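Trainee: Before we look at this model together, could you help me understand how each label attached to it is justified?

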Amino acid sequence: MDHFPIFLRVHGRRIVLSGGGEAALAKLRLLMKTAGHITVFAKTPAAEIDAWAEDGKLTLVRRAMQPGDTLCAALFYAADEDAAEDARTAAIARADGALVNVVDNLHHSQFITPAIVDRDPVTIAIGTEGAAPVLARALKADLEERLPAALGPLARIGKRFRKAAEALPFGRARRDFWREYYFKAGPSAITAGEGRVNRALDTLLEDHLARKARPGHVHFVGGGPGDPDLLTMKARRVLDEADVVIYDRLISKPILELARREAIMIDAGKEGFGPSMKQEEINDLIVAHAKGGAQVVRLKSGDATVFGRLDEEIDAIDAHEIAWSIVPGITSASAAVAEIGQSLTKRGRNSSVRFLTGHDTRGFADHDWSALARPGEVAAIYMGKKSARFIQGRLIMHGADRHTPVTVIENASRPDQRILETTLDALPQALAAAEMSGPALTFYGLAPREAAAARLRRADTEHALYTYPIPAQEAL
């Protein structure tokens, strides 16, 4: 991020612009929405600028800008549409201490003006760092259609009421009050006029002051495989409302960024075959925050019900009579198999699929390896990289065909996804050669569909890194 987005207070401050043509007009139409004092320097200003000056909307100086003209200015726009003149005026403004924008010159600008959706006092700024202004305008148009015109008046009325709302306890109680105002009581009342909105606010505050504090609650949320677009709508909602988020190591950063900035974020840090927070400590964390009245999101990778030790955590909070709910997520197997264009079951091939975990090889002794070794069987093996040689040995020992296809998907659905296509015979050597370091899911009995494999090869430089199979004779 080269440009940090902020909202700069310009009320009563100088804003200076040099230029009198189309570029100047475009900037002035936006700047005149502010409460700043605008001064324009232009030898031959457009007629509209003359008219605005006559109406007292800005101060017009009919000459080229000189040193000292931007003293005490908060912002300066170089809009003469002449490279040499823009460079001259920008240098003056910098020397005078103003922040400088050279119109259509990102490299020499200290700030940029974003596309703006205006529902004063609600203002949405859209910036693309100058990379895609057409996209910014499209987003602006989309938001303009979505946001009702009444949003501005509701926000202005709500701003006047903020002091009264401070009678509510800080935190969730106030957030619940304002959420109900903006999404229910306010829109319902605004159709009858602002007076009705004020009465609705008084009634709503009385109702919320009389309410008992909401008890703590735990949402066990499946965070999916990592792509935030694969997160469910309900998961997004509870993340947005959470007071505390306790998350696993495999949760991707883009998903964590969906939580409220005020939420307490706790990394539970469980890691297979490495240092990790003990399960008992995680249980205690969940219980402690929920007993304190917090809305807790226990965020687990994939689906919380698949290899997530969910039952242990539910048992812990049940012992303290804490309410809980489960928000399902897309498990890694579903996301990964979609990337290779296959299905987990197929008529005439397999009517069932096994979900195994390679995290604890001691538990593998309980599996029916002879049944899995039969032709056509399919298994999705979570966290199976380090136990690959053990899995290979068990299957071959029970009669599995050495040429059975095996596909390993690392970081499924994420930008750094990689797919390794190999065989049971070459699996350990192929994994070692690929040097995969991220979370991976292994499909026994599935190879990428030909069309999917071709797509992945074409996408090498854009999304997935496709690794070709290592023939058995080369791997041995």
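Trainee: Why is Tyr-382 called buried?

Mentor: This is a predicted model, and in it Tyr-382 has a relative accessible area of 9%. Buried means under 20%, so Tyr-382, at 9%, is counted as buried.

Trainee: What makes Phe-307 partly exposed?

Mentor: The relative accessibility of Phe-307 is 38%. Partly exposed covers the range between the 20% limit for buried and the 50% limit for exposed, and because 38% falls between these limits, Phe-307 counts as partly exposed.

Trainee: Which two residues of helix α6 form an aromatic pair, and why is the pair called edge-to-face?

Mentor: By the rule for ring pairs, the count comes to nine aromatic pairs. One of them joins Trp-178 and Tyr-181, with 5.8 Å from centre to centre and 75 degrees between the planes. Ring centres have to lie within 6.5 Å to pair, and planes over 60 degrees apart count as edge-to-face, so the values of 5.8 Å and 75 degrees meet both conditions. Both residues belong to helix α6, which runs over residues 172–190, and they are three residues apart, about one turn of the helix. Trp-178 and Tyr-181 are also both buried.

Trainee: How do you know that Phe-307 and Tyr-382 are an edge-to-face pair?

Mentor: Their ring centres are 5.1 Å apart and their planes stand at 65 degrees. The distance is within 6.5 Å and the angle is over 60 degrees, so the pair is edge-to-face. Phe-307 is found in the loop between β11 (295–300) and α11 (310–318), while Tyr-382 is in strand β14 (residues 379–382), so this pair ties together parts that are 75 residues apart in sequence.

Trainee: Which residues form one aromatic cluster?

Mentor: The cluster is made up of Phe-161, Phe-177, Trp-178, Tyr-181 and Tyr-182.

Trainee: What makes Asn-101 buried, and which residues is it in contact with?

Mentor: Asn-101, which is placed in strand β5, has a relative accessible area of 5%. That value is under 20%, so Asn-101 is called buried. When its neighbours within four places in sequence are left aside, Asn-101 is in contact with Lys-27, Phe-76, Tyr-77, Ala-78, Ser-109, Phe-111, Ile-112 and Thr-113.

Trainee: Why does Phe-111 count as buried, and where does it lie?

Mentor: Phe-111 lies in the loop between β5 (99–102) and β6. Its relative accessibility is 14%, which is under 20%, so Phe-111 counts as buried. Leaving aside neighbours within four places in sequence, its contacts are Leu-75, Phe-76, Tyr-77, Leu-99, Val-100 and Asn-101.

Trainee: Why is Asn-283 called buried?

Mentor: Asn-283 is in helix α10, residues 279–291, and its relative accessibility is 12%. As 12% is under 20%, Asn-283 counts as buried. Outside its neighbours within four places in sequence, Asn-283 is in contact with Glu-312, Glu-313 and Ala-316.

Trainee: What makes Glu-81 exposed?

Mentor: Glu-81 has a relative accessibility of 52%, and exposed means over 50%, so Glu-81 counts as exposed. Its place is in the loop between β4 (73–78) and α3 (83–96), and its phi is near 60 degrees, a positive value in a residue other than glycine.

Trainee: Why is Glu-435 called exposed, and what is its phi?

Mentor: At 65% relative accessibility, Glu-435 is over the 50% limit, so Glu-435 counts as exposed. Glu-435 lies in the loop between α15 (427–434) and β17 (440–444), and phi there is near 50 degrees, a positive value in a residue other than glycine.

Trainee: Which peptide bond is cis, and what is its omega?

Mentor: The peptide bond from Asp-120 to Pro-121 is cis, with omega near 10 degrees. Pro-121 lies in the loop between β6 (115–119) and β7 (122–126).

Trainee: How does the radius of gyration of the protein chain stand against that of a compact globule?

Mentor: The protein chain has a radius of gyration of 30 Å, whereas a compact globule of 476 residues would have one near 23 Å. Along its principal axes, the C-alpha trace spans about 90 × 60 × 40 Å.

Definitions and conventions. Residues are numbered from 1 along each chain as its sequence is written. This is a predicted model: local features need pLDDT of at least 70, side-chain atom pairs count only at pLDDT 80 or more; totals for chains, interfaces and linings use all residues. Side-chain values use heavy atoms; hydrogens and water are left out. The radius of gyration is taken over C-alpha atoms; the globule rule is 2.2 Å times the number of residues to the power 0.38. Rings of Phe, Tyr and Trp (its six-membered ring) pair if their centres lie within 6.5 Å; planes under 30 degrees apart count as stacked, over 60 as edge-to-face and the rest as tilted. Helices (H or I, at least four residues) and strands (E, at least two) are DSSP runs, numbered from the N terminus. Buried means under 20% relative accessible area, exposed over 50%, partly exposed in between (1.4 Å probe, protein chains only). Contact means heavy atoms within 4.5 Å.
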